[in-house]
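Open the model in your viewer and keep the sequence panel visible. This tour moves from selection to selection.

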Amino acid sequence: MTDTPSFRSDVTVELVKHSASDTDVLWAARVSTAGEQSLEEVSKDPERSRGLINYLMRDRHGSPFEHNSMTFFVSAPIFVFREFHRHRVGWSYNEESGRYRELEPVFYIPGEDRKLVQRGRPGKYEFVDGTPEQHAALGKTMEDSYRQSYAAYRELLADGVAREVARATLPVGLFSTMYATCNARSLMHFLGLRTQHEQATVPSFPQREIEMVAEKMETEWARLMPLTYAAFNANGRVAP
C-alpha cells in the first residue's frame, strides 16, 4: 500500500474466461426444428450456417444468442461502474470492496484527446475539444482534489475509523476493479447503448469513458464470435 496517488487516463479490460462461439448460436436455434439432432451442430463448421445467424439477428430471434458466457476483468473509474451497473439483464458483477480492503490511490484524469466542452441543449448537444489551458486547469484541479481526499481517507483510517466509513471521502474518479459476466445478447444490448458506430441504425451518445470499456469488450467478443459479430453490425447494431 502506498500513500502516493497515481493518475491514469486509460481503462483496461481482460477476457479472463469464456465459453462462447458461433456454434453455440446454431445448436440453440436448431433445437426448435431438429430436437436432439441439433447437437450435431456442435462439431460442424459454423460458416455453413452464416445465413441462419444473420436471419436470427435480422428477425430478432434473440434467445439463441444467450447460450454462451464471457467473463471480463475491468479496471476503470468508479463513475464508469455506476453507469455500467444499470445494465442488469444478462449481467453478473462482483466489484472490489471498500468495506473489506484499503483502497489504492489510483485516479482518473482525462487524456489530451478527451473532448471537454459541451455545446447545445440537453438532448441535442455535442462535445468539442478543450483548449490546452482547460486541459491544464482540469489536470491540476483534479490532482489537487484527489491528493486531498486520499490524505483525508488515510488520516481517518489512522484514527481508527472503519474503512466503510472513511471511504466516503473518496471521489468517483478513483479506480476500481470488477468481474463482469455476460452473454452475447446482453453484450450486444450494452454495445448498442454504450458505443457510437457508423453502422448503428439507432444513434447513441455514451460518455466517453464507458465507451472506452465497451470498445475493448467488443474487440474480444468479435474474435470469439465473428459471424455473430458481423450479423450484429450488418443489422444495425440492434440487440435481437
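How much space lies in the largest pocket? About 510 Å³. A pocket here is an open set of points on a 1 Å grid over the protein atoms alone, with protein on both sides within 12 Å along at least five of seven lines; a lining residue has an atom within 4 Å of a point. Grid points are joined across faces, edges and corners, and the volume is the space filled by probe spheres set on them.

Before going on, note that this is a predicted model: local features need pLDDT of at least 70, side-chain atom pairs count only at pLDDT 80 or more, and totals for chains, interfaces and linings use all residues. Residues are numbered from 1 along each chain as its sequence is written, and side-chain values use heavy atoms, with hydrogens and water left out.

**Stop 1: the largest pocket**

Select R114, K115, F127, P206 and R208. Among the 18 lining residues, these lie nearest the pocket centre. Color the lining by class: eight residues are nonpolar, four polar and six charged. Nonpolar covers Ala, Val, Leu, Ile, Met, Phe, Trp, Tyr, Cys and Pro; charged covers Asp, Glu, Lys and Arg; the others, Gly among them, are polar. Now show β7 (124-128) and α7, which each supply at least two lining residues. Helices (H or I, at least four residues) and strands (E, at least two) are DSSP runs, numbered from the N terminus.

**Stop 2: the hairpin**

Stay with β7 and add β6 (residues 117-121). The two strands pair in the antiparallel sense over five bridges. Pairing requires that DSSP find at least two bridges between the strands. R121 stands opposite K124. Two residues separate the strands of this hairpin, and G123 takes a positive phi near 90°.

**Stop 3: the four-stranded sheet**

Select β2, β3, β8 and β4. They form an open sheet in the order β2-β3-β8-β4, with antiparallel pairing. β2 (12-19) and β4 (91-95) are the edge strands, each pairing on one side only. From one strand to the next, the twist averages 20°. Axes are lines fitted to C-alpha atoms, for helices over the stretch in contact, and angles run from 0 to 180 degrees between N-to-C directions.

Focus on β8 (residues 175-182). With β3 it shares eight bridges, and A76 has S176 as its bridge partner. With β4 it shares five bridges. There, Y93 partners A180, and W91 stands opposite C182.

Is β8 enclosed or open to the outside? Six of its eight residues are buried, so β8 is largely enclosed by the rest of the structure. Buried means under 20% relative accessible area, exposed over 50%, partly exposed in between (1.4 Å probe, protein chains only).

**Stop 4: helices on the sheet**

Show α6 (residues 184-194). This helix packs on the sheet and touches β3 (69-77), β4 and β8, its direction making about 75° with that of β4. Contact means heavy atoms within 4.5 Å. Next, show α7 (residues 208-224). It lies across β2, β3, β4 and β8, at about 30° to β2.

**Stop 5: the second largest pocket**

Select I78, R82, G98, L103 and R167. Of 14 lining residues, these are the closest to the centre. The volume is about 230 Å³. α3 (78-84) and β8 each supply at least two residues of the lining, which divides into seven nonpolar, three polar and four charged.

**Stop 6: A230**

Finish in helix α8 (residues 226-234), where A230 lies. A230 is partly exposed, with a relative accessible area of 34%. Draw a distance to I53: the C-alpha atoms are 9.5 Å apart, while 177 residues separate the two in sequence.

Note on methods. 1 Å grid on protein atoms, 1.4 Å probe; cavity = no way out; pocket = protein on both sides within 12 Å on 5 of 7 lines; lining within 4 Å.
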